[in-house]
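User: I've got a model open and I'd like to learn how to read it properly. Could you walk me through it, feature by feature?

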Amino acid sequence: MLDTRKGEALLAVIDSGSFEQAAALLHLTPSAVSQRVSAMESELGMPLLIRSKPCRATQAGQRLVQYLRRSRLLEAEFLADSADGDAHPLTIALAVNNDTLATWLLPGLASFLIEEQILLDIALDDQDHTYTLLSQGAALAGVSSEAQPMRGCTVERLGAMRYRLLATPAFVARWFPDGLQREAARRAPLMVFDRKDALQAAFLQRELGLPPGSYPCHYIPSSDAFTHAVRLGLGYGMVPEQQFRDDLDKGVLIDLAPDKPADVMLYWHAWRVQSPKLERLSARMMAVARAALRQPA
């Protein structure tokens, strides 16, 4: 039987990144937090933490964190449903990619979250990396471009986000007067979300044979700011269709590769054994995503 206080100490260290911050969260001393984590490691006979800056879970620690988060959710939901009067809000940790959060996620879930009294604890990352957050136990469910489920999890296809390579008319006139050409792309500033973002690089490699690093880049790690920077003419880049809306029809932006959109298929990952509210959240996610995203024929 796992000790609840020791489990809370481990989660606090993982979530905050240090024993000192975990101690502040739990109103304990760092020494007391360290003793609880060490005692749990001794009882289980394995290291659970890599004591670095920030602290990270070992592989065994990641599995334990996954279990602790699910157990805590089930317990919190049971206590909330059993309480007299108004139910207490329930927090659910999700791993989500930035463009999903900036476009269809919240409008689709807002009324459901209010009705169910669910608080979201969202961990953001690129869609190719949210899977790692799930495997590390940082989230109970999430959106990813990875099609294969983790052990103990289910995966459902949500649909594809379609991206188009956009720029302002003035930017096109300056950098691509003859269309999207290899030599012009070597000089034109490209918009990139962050250094994990491989979407633009994969497109230029595939279509123009340009390797990463052979062209200048802006790095703008915000979905809204990224699109705004494209509209300001700072660079050209891949923008999801949910964000550029009618900019093409109005001539505000130009599609540099109209016949070559990039579709990123997204999947919903969740634990096979879920709490009732997480099951209902998963069902709503599926319905919202299938209405907002492109579905294969």
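Analyst: Let's go through the overall build, then salt bridges, then pockets. Keep in mind that this is a predicted model.

User: Sounds good. How many helices and strands does the protein chain have?

Analyst: There are 14 helices and 11 strands in the protein chain. Along the principal axes, its C-alpha atoms fill a box of roughly 70 × 40 × 30 Å.

User: And how much of the chain counts as buried?

Analyst: Buried means under 20% relative accessible area. Here, 47% of the 297 residues count as buried. The chain exposes about 14800 Å², and carbon and sulfur atoms supply 53% of that area. As for contacts with a separation of 6 or more, 74% of them join residues 24 or more positions apart.

User: On to salt bridges. What should I look for?

Analyst: Look for a side-chain nitrogen of Lys or Arg within 4 Å of a carboxyl oxygen of Asp or Glu. Searching the whole structure turns up 14 salt bridges.

User: Take Arg51 and Glu41: what distance separates N and O in their salt bridge?

Analyst: Their side chains meet at 2.9 Å, N to O. Arg51 sits in the loop between strand 1 (49-50) and strand 2 (56-57), while Glu41 belongs to helix 3 (residues 30-44), so this pair ties together parts that are 10 residues apart in sequence.

User: Is Glu41 buried or exposed?

Analyst: Glu41 counts as buried because its relative accessibility is 12%, under the 20% cut-off. Arg51, at 43%, counts as partly exposed.

User: Which parts of the chain does the Arg294 and Glu241 pair tie together?

Analyst: The closest N and O atoms of Arg294 and Glu241 are 2.9 Å apart. Arg294 lies in the segment after helix 14 (276-292) and Glu241 in helix 12 (residues 241-244), so the salt bridge links parts that are 53 residues apart in sequence. Arg294 is partly exposed, at 36% relative accessibility.

User: What about Lys250 and Asp246: how far apart are their closest N and O atoms?

Analyst: That salt bridge has its closest N and O atoms 3.4 Å apart. Lys250 is exposed, with 61% relative accessible area, and Asp246 is partly exposed at 33%. Salt bridges can also join up: Arg206, Glu207 and Lys260 are linked in a network.

User: Now pockets. How does one find empty space in a model?

Analyst: Rolling a probe the size of a water molecule over the atoms shows where empty space is left. In this structure, the largest pocket has a volume of about 680 Å³.

User: Which residues lie nearest the centre of the largest pocket?

Analyst: Of its 26 lining residues, Asp15, Arg69, Ala93, Asp121 and Ala138 lie nearest the centre. The elements giving two or more residues to this lining are helix 1 (4-16), strand 2, helix 4 (59-82), strand 3 (90-97) and strand 4 (118-125). Helix 4 provides the largest share, seven residues. By type, the lining divides into 16 nonpolar, five polar and five charged residues.

User: And what lines the second largest pocket?

Analyst: The second largest pocket has a volume of about 350 Å³. Among the residues lining it are Met1, Leu2, Asp3, Tyr67, Arg72 and Glu75. Helix 1 and helix 4 are the elements that give two or more residues to this lining, with the largest share, five residues, coming from helix 4. The lining splits into five nonpolar, three polar and four charged residues.

Notes:
Residues numbered from 1 in each chain as written. Predicted model: local features only at pLDDT ≥ 70, side-chain atom pairs only at ≥ 80, totals over all residues. Heavy atoms only, no water. Helix = DSSP H or I, 4+ residues; strand = E, 2+ residues; numbered from the N terminus. Buried < 20%, exposed > 50% of the residue type's maximum accessible area, 1.4 Å probe, protein only. 1 Å grid on protein atoms, 1.4 Å probe; cavity = no way out; pocket = protein on both sides within 12 Å on 5 of 7 lines; lining within 4 Å. Points joined across faces, edges and corners; volume = space filled by probe spheres on them. Nonpolar A, V, L, I, M, F, W, Y, C, P; charged D, E, K, R; others polar. Contact = heavy atoms within 4.5 Å. Areas by Shrake-Rupley, 256 points an atom, 1.4 Å probe, with all protein chains shown as cover.
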